[in-house]
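Reader: I have the sequence and the coordinates open on my screen. Could you walk me through the strands, the loops and the charges?

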2 protein chains.
Amino acid sequence: MESPVSERVEDYLKVIYSLTTEDERASTGEIARVLQISPASVTDMIQRLAAENPPLVDYRKHQGVGLTEEGEKVALETLRHHRLLELFLHELLGYSWDQVHEEADRLEHVISEYFEERISEVLGDPEKGLYGEPIPSEELHVPVREDICLHDMRPGQRGVIQSVKDDDPGLLQYLQTNGLVPGARIEVLDYSPYDNNLHIRVKEHDQEIVLGAAVTAQIFVDLQ
Amino acid sequence: MESPVSERVEDYLKVIYSLTTEDERASTGEIARVLQISPASVTDMIQRLAAENPPLVDYRKHQGVGLTEEGEKVALETLRHHRLLELFLHELLGYSWDQVHEEADRLEHVISEYFEERISEVLGDPEKGLYGEPIPSEELHVPVREDICLHDMRPGQRGVIQSVKDDDPGLLQYLQTNGLVPGARIEVLDYSPYDNNLHIRVKEHDQEIVLGAAVTAQIFVDLQ
DNA sequence: TCCTTATTTTAGGCTTTCCTAAATTATTGT
DNA sequence: ACAATAATTTAGGAAAGCCTAAAATAAGGA
């Protein structure tokens, strides 16, 4: 009933999962940008995923995609692998923060359930990842997301902007023009301990920006 | 100059390496049997490998294949990954002997050089694998193979028959008909401590056979 | 040696996943 | 509302790996 899925399909589902929120579907273009391929290729794959039995995504022309229950299951399984691997590489093999992501992205597709179990046990069945993000449980329940101040985020962390303190209209304007609005997906690229600046990427615009503490202290983010 | 190679190509090169000896090239049919695909597919792939730049195999129609220096480098790198992974899974993650092989076969293609370094260090830069086989060094030198009596081999070990004591013509005949000749690749499947019998598989014939101590004591094997 | 049998290769095709170029559908500014 | 622009989809095609059936070659026995 559950046919195994290719590594590439896992990649697509993972991206769609991360691009999707309560009431927001993922668009062809966004997926293409994240995966660094052409939009046409994405349409192609999406249609195949929707035609699977059971379907892995819910697709309607020109209206983006969402995951079905089956698709989400696969995405969460992959995500669990990823998070456990990041922790494992850091804690047990001495990887630095910026090294773990790439390795985990390759390993997540090939480790067995047994490998997952073993490293989970060795790590003490953690519920939070290297960056504080929730790790889906073995039964693929996702713990509630945690609100964290952007100011406290560090390189490698990714999340969705949840709220912005709206005292200063000028600041709000500035944030708006840079896409730093609730719902925006961001990733911290670099941190400077000297001036407390954060170098971040705003996924929507595929744009990078450096923010000072005065700004980062006003923004709250759900870790992904 | 060194273009990266697909996982499947690594599989082919690994198999050709294991099927090749001093003066024996690997045949299309053998490779097909090991990889469980059709001979036609093997010819196809072999020809592509020979057409690479630089070529990874040395191919002449109807005369089997051998590895070029480049091809051997890739095979040894993969083999090193495999052996280190087996050791790692067993020693650090508590895998049993019969569980390590399959997992290592998948992981060997995706771990980075850094991962290799890290587990090698954690394991104390070992030179012998889980089954006593030589592990290619970081510079891809293969330690000299060790001659071991089949009688002393245990489940999971694999090797190539090197020599057979030829006192007993009847025994020789028996060994011959079962493919137990120098060059034959074998794998120990089971060991019975009560009667000292070994249950082994002869790869060439994809045939299994149980041998008593009287026989196993006469056969010498190079561990792979 | 010559014929039968076994092995290898060629030919033609299929599936995945990607591409570019062209066509279609949405969105946006006036 | 409607034209210009942006996003998406369709069409046609390529490379990697696999397959089966048929053709070519090698090996072995009388």
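Reader: Happy to start with a pair of strands in chain B. Which residue in β8(B) does B:Val164 stand opposite?

Author: Please keep in mind that this is a predicted model. In chain B, β4(B) and strand β8 (residues 219–223) run antiparallel and are joined by five bridges. Within β8(B), the residue opposite B:Val164 is B:Ile219.

Reader: Let's move across β4(B) to its pairing with β5. Which residue in β5(B) is the bridge partner of B:Arg158?

Author: Strand β4 (residues 158–164) of chain B runs antiparallel to strand β5 (residues 185–192) of chain B, and three bridges join them. The bridge partner of B:Arg158 in β5(B) is B:Glu187.

Reader: And on to β6(B): which residue there does B:Glu187 stand opposite?

Author: β5(B) pairs with strand β6 (residues 197–202) of chain B in the antiparallel sense, over six bridges. In that strand, B:Glu187 faces B:Arg201.

Reader: Which residue takes a positive phi in the hairpin of β5(B) and β6(B)?

Author: Most residues other than glycine have a negative phi. The hairpin of β5(B) and β6(B) has four residues between the strands, and a positive phi near 65° is found there at B:Asn196.

Reader: Now the whole sheet, please. Why do β3 and β7 of chain B each have one side without a neighbour in the sheet?

Author: The six strands of chain B make an open sheet with antiparallel pairing, in the order β3-β8-β4-β5-β6-β7. β3 (147–149) and β7 (207–211) of chain B each have one side without a neighbour in the sheet because they stand at the edges, each with a single partner strand.

Reader: What does the twist average from one strand to the next in that sheet?

Author: Going through the order β3-β8-β4-β5-β6-β7 of chain B, you step from one strand to the next. The average twist for such a step is 40°.

Reader: Over to chain A. Which residue in β8(A) does A:Ser163 stand opposite?

Author: The open sheet of chain A has six strands in the order β3-β8-β4-β5-β6-β7, with antiparallel pairing. Five bridges pair strand β4 (residues 158–164) of chain A with strand β8 (residues 219–223) of chain A in the antiparallel sense. Opposite A:Ser163 in β8(A) is A:Phe220.

Reader: Now for the backbone in the loops. Which residue does a cis peptide bond join to A:Pro54?

Author: Most peptide bonds are trans. A:Pro54 lies in the loop between α3 (39–51) and β1 (57–59) of chain A. Its cis peptide bond, with omega about 0°, is to A:Asn53.

Reader: Where is B:Pro54 found?

Author: In chain B, a cis peptide bond with omega about 0° joins B:Asn53 and B:Pro54. The place of B:Pro54 is the loop between α3 (39–51) and β1 (57–59) of chain B.

Reader: What is the phi of B:His62?

Author: B:His62 sits in the loop between β1 and β2 (65–67) of chain B. Although B:His62 is not a glycine, its phi is positive, at about 65°.

Reader: Let's finish with charges. How far apart, N to O, are the side chains of A:Glu103 and A:Arg106 in their salt bridge?

Author: Side chains of opposite charge can pair when their charged atoms come close. A:Glu103 and A:Arg106 are separated by about one helical turn, because they are three residues apart in helix α5 (residues 97–107) of chain A. Their salt bridge has an N to O distance of 3.5 Å.

Reader: In which loop is A:Glu138?

Author: A patch of negative charge gathers on the surface from A:Glu113, A:Glu117, A:Asp125, A:Glu127, A:Glu138 and A:Glu139. The loop that holds A:Glu138 is the one in chain A between α6 (113–122) and β3 (147–149).

Note on methods. Residues are numbered from 1 along each chain as its sequence is written. Chains are lettered from A and ligands numbered from 1 in the order in which they are written. This is a predicted model: local features need pLDDT of at least 70, side-chain atom pairs count only at pLDDT 80 or more; totals for chains, interfaces and linings use all residues. Side-chain values use heavy atoms; hydrogens and water are left out. Patches are made of residues with over 30% relative accessible area and no salt bridge: like charges are joined within 9 Å, nonpolar side chains (Val, Leu, Ile, Met, Phe, Trp, Tyr) within 5 Å. Accessible areas come from the Shrake-Rupley method with a 1.4 Å probe; for residues, only the protein chains shown count as cover. A salt bridge is a side-chain nitrogen of Lys or Arg within 4 Å of a carboxyl oxygen of Asp or Glu. Lys and Arg count as positive and Asp and Glu as negative; His and the chain ends are not counted. The place of a charge is taken as NZ of Lys, CZ of Arg, CG of Asp or CD of Glu. Helices (H or I, at least four residues) and strands (E, at least two) are DSSP runs, numbered from the N terminus. Two strands pair if DSSP finds at least two bridges between them. Axes are lines fitted to C-alpha atoms, for helices over the stretch in contact, and angles run from 0 to 180 degrees between N-to-C directions.
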